[in-house]
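Trainee: I should like to look closely at one helix and at its surroundings. Please begin with the helix itself and then work outwards.

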Amino acid sequence: MQAGLLDTYRKPTLTRGALAWALSAVLSAFYLVLYFTEALTPVARATGLGDKWTLYGFLYTVAMVAGGVYFLRRHGNSRYERIRTIVVVAVQVVLAFALPIVMKVFGAREYYFSYFWPLKIEYLYPSVILSHPFLIVAWSFVGSLVAFPVLAWFLGKRFYCSWVCGCGGLANTAGEPFRHLSDKSEAAWKVEKVSVYLVLAIAVAATVVVWANWAVGSRHPAFASFAFAVQKWYGFAIGAMFAGVLGVGLYPLMGTRVWCRFGCPMAAMLGIIQRFGRFRITVKKDMCIACGNCSTYCEMGIDVRSYAMANQDVRRAACVGCGMCAHLCPRGVLKLENRPVRLKAGQPIRVYAAGP
Amino acid sequence: MHYAILGNGVAGMEAALALRRRDAKARISLISDEHDFFYSRPALMYVFCGQLDLRGTEPYERSSYDRMRLERVRARVGALDAGRRTLAFDDGRPLAYDRLLLAAGSRAREGSWPGTKGPGVHAFVTLRDMEALDRDARPGRRAVVIGGGLIGVEVAEVLLRRGVSVTFVIRESWYFPLALDAQESQVVAEHMRAHGCDVRLGVNVTEIARDGDGRVRSVRLEDGGEVPCDVVVVAIGVVPNTGFLAASGLRLSSGGAIEVDDALRTSAPDVWAAGDCANVTWADGSRRPEQLWYTARDQGRVAARSMSGEDVTYRRGTWYNSAKFFDLEWTTVGHVPALLNWDNTPLDPGPAYRSVFERVPDRPVTWRIVLEGDRVAGFNMLGGRWNHEVLRAWVEEERTLDWVRAHLDEARFDEELGGPVRAGR
């Protein structure tokens, strides 16, 4: 067993007890106050952090650093988990927190180099593109449209979702105690397949509308107000309510990756590429003892065990490659891999019988 | 056609699924007095320590039983009347079947020491065993685990994690001699001791002493020692769960296992047996039950084919097994002979036996390659992850030691970025 997971199912906060609901309410309330009021602005000024978003970034980074230490104490015995966690926390501290502040100090407009369209949808909006230096715009375009698809094909979406992204970073550090709460039912998978691609479609459509408005909006005032509404509505419904209020607010009830799994358009886009790319979780044949550690601790709600029992490699668009299934498997059945599946010339193809 | 399957462990469940795949219309009844749904028995240790909930150990969603039309009967079977094709439940109700699979599994072997009967003495095989131990093994208490096998080490681990102090009393002079040699066992024992487990090797228990109120007070040992404790877990093996067959006329082995032929048919018409309770022929010609998850699974599948009229033969292929001793993973493939008798006399593995053992310096990582003549016959790998399929192919291809050593890295299955660990040569 993994020492840190002792009594997970005996703690009311970790099994949807009253305290878990209270914590969920507090987290949701925090995000509502942050997004829709200025109550945090005086706090930010008093602490010298300037505005509420910098204060939020500070709190977020502190949560990730503290959560990262907590995670390493729990799972640092795996080299993959250790390196991954150090990287994702470092990206948050440097690219998503320190660098934007430094940019502001030097009078430049802040920019989060670890976020890209379509997760940060406005980074391909004309308003952002036209107001930033060429190199930043190039970073944004090349990242979203060239580098990310290529990386996802070779490495799987994990290179972003588990190694870089702040949403995933918070989930896998401060959110770590709640990872087992993800819904593994087939019903949840059905909902996920509709919702996550729907959000991606909406994100693409919203981006097209905003660009169309930039091109022809001045001549069509009705379209201009429609485009403005789309932009605003997307920011409210997807950006604030789904990613923030629900995404983090539901940690104690539905696990840490509610947004990543059901909503994130970046996860959807990279997932499609991953599904046909090299990344998979290789299953060692006929070795699974069906214990359920992999499925229970899969934050994306993938029933990994069903693949292991069927001797089938896991190739799922949802998998964020956190590696926890392989780490916790007591029989070493699972292995995250992106080596090409290739047969050496002259080598006989071995067909292993799958049981009698 | 009504298939009745007695036991919803891995053998029974695999058989039910295989029968359903072959026959969409048949009536299939799954009978168990333990739990309403198939759960993973090897996962009991994780439920005990709260890492998993029982529901999480059930591989199939509860709603899928209705979808697959697997009727579940929660009852204990009292008797089998094979002539009338009828099972009788303990409460008197009968269940008529056309074809029956006995996959009743096994229960813990009981100790024969004075003081064994009564409160405070536990086993760790069934859900009821786990629940009883859960109530009794409170943090701060002292436990003695008796028995040097796989269940013993799992119980010792989860008790320790829970804050119960553990003395692990092992009859043999090294731990798990059925599968490990003295050097490997030494590594495992060091590892257990590093986790705070008090490992006592080569000692026999003589008595479980109780106080005036009947509570467990200590375990007395043959060497005159006495280990004070509050809880005892007896993990000295399992016996077939076949008491209800006493009057059935079915042929049983002297150990109580159900005699089956190569197609897993019992001595009675239309009755098959699979899993821990079936007495099968081993590669060396001996007849014993195979008390293992993997073989129970495979036997369940073969039994289903046999029951649906196919001409099949159950044969276990090249041997493999895996386990985990606290944090040490273990994989074995092929022929790795036991080197110690239960009475601590050495076992002769034969003149052709030779083995190469390597240990990574200062780490609990070892591998042993067993040779027969100049061909590799088996592997015993401790502390790392290995792909048994690759190792198995090498055994079947009768590779030489030099070839295997040159290719060993191809069989590694460590976590990504785990990096290969090499032994000094």
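Trainee: What does α5(B) lie across, and at about what angle does it run to β11(B)?

Mentor: This is a predicted model, in which local features need pLDDT of at least 70 and side-chain atom pairs count only at pLDDT 80 or more, while totals for chains, interfaces and linings use all residues. Residues are numbered from 1 along each chain as its sequence is written, and chains are lettered from A and ligands numbered from 1 in the order in which they are written.

The helix α5(B) lies across β10 (142-146), β11 (165-170) and β16 of chain B, and runs at about 165° to β11(B). Helices (H or I, at least four residues) and strands (E, at least two) are DSSP runs numbered from the N terminus. The angle is taken between N-to-C directions, from 0 to 180 degrees, with axes fitted to C-alpha atoms, for helices over the stretch in contact. Contact requires that the C-beta atoms of two residues, placed from the backbone, lie within 7 Å.

The three strands beneath this description belong to an open sheet of five strands in chain B, ordered β9-β16-β10-β11-β12 with parallel pairing. Strands pair if DSSP finds at least two bridges between them. The edges are β9 (121-122) and β12 (198-201) of chain B, each of which pairs on one side only. At the β9(B) edge, two bridges link that strand in parallel to β16(B), residues 231-234. There V121(B) stands opposite V232(B).

The domain assignment, which is automatic or taken from a database, divides chain B into domain 1 (2-107 + 238-307), domain 2 (121-234) and domain 3 (320-411). Over C-alpha atoms, the centres of domain 1 and domain 3 of chain B are separated by 33 Å.

The helix also has a part in the interface with the other chain. In total, 37 residues of chain B are in contact with 40 residues of chain A. On the side of chain B that touches chain A, α5 (150-161), α7 (293-307), β22 (320-325) and α8 (388-396) each supply at least two residues. The largest contribution to this side, five residues, is made by α7(B). By class, the side has 14 nonpolar, 10 polar and 13 charged residues. Ala, Val, Leu, Ile, Met, Phe, Trp, Tyr, Cys and Pro count as nonpolar, Asp, Glu, Lys and Arg as charged, and the others, Gly among them, as polar.

The partner, chain A, has 16 helices and two strands, and its C-alpha trace spans about 70 × 50 × 40 Å along the principal axes. Its domain assignment gives domain 1 (21-270) and domain 2 (280-337), whose C-alpha centres lie 27 Å apart. The contact between them takes 26 residues from domain 1 and 14 residues from domain 2 of chain A. Among the elements giving two or more residues to the domain 1 side are α4 (79-105) and α9 (186-216) of chain A. That side has six nonpolar, 10 polar and 10 charged residues.

Returning to chain B, one may set an antiparallel pair beside the parallel sheet. Strands β4 (residues 77-81) and β5 (residues 86-89) of chain B run antiparallel and are joined by four bridges. V77(B) has F89(B) in β5(B) as its bridge partner. Four residues lie between the strands of this hairpin, where R85(B) takes a positive phi near 50°.
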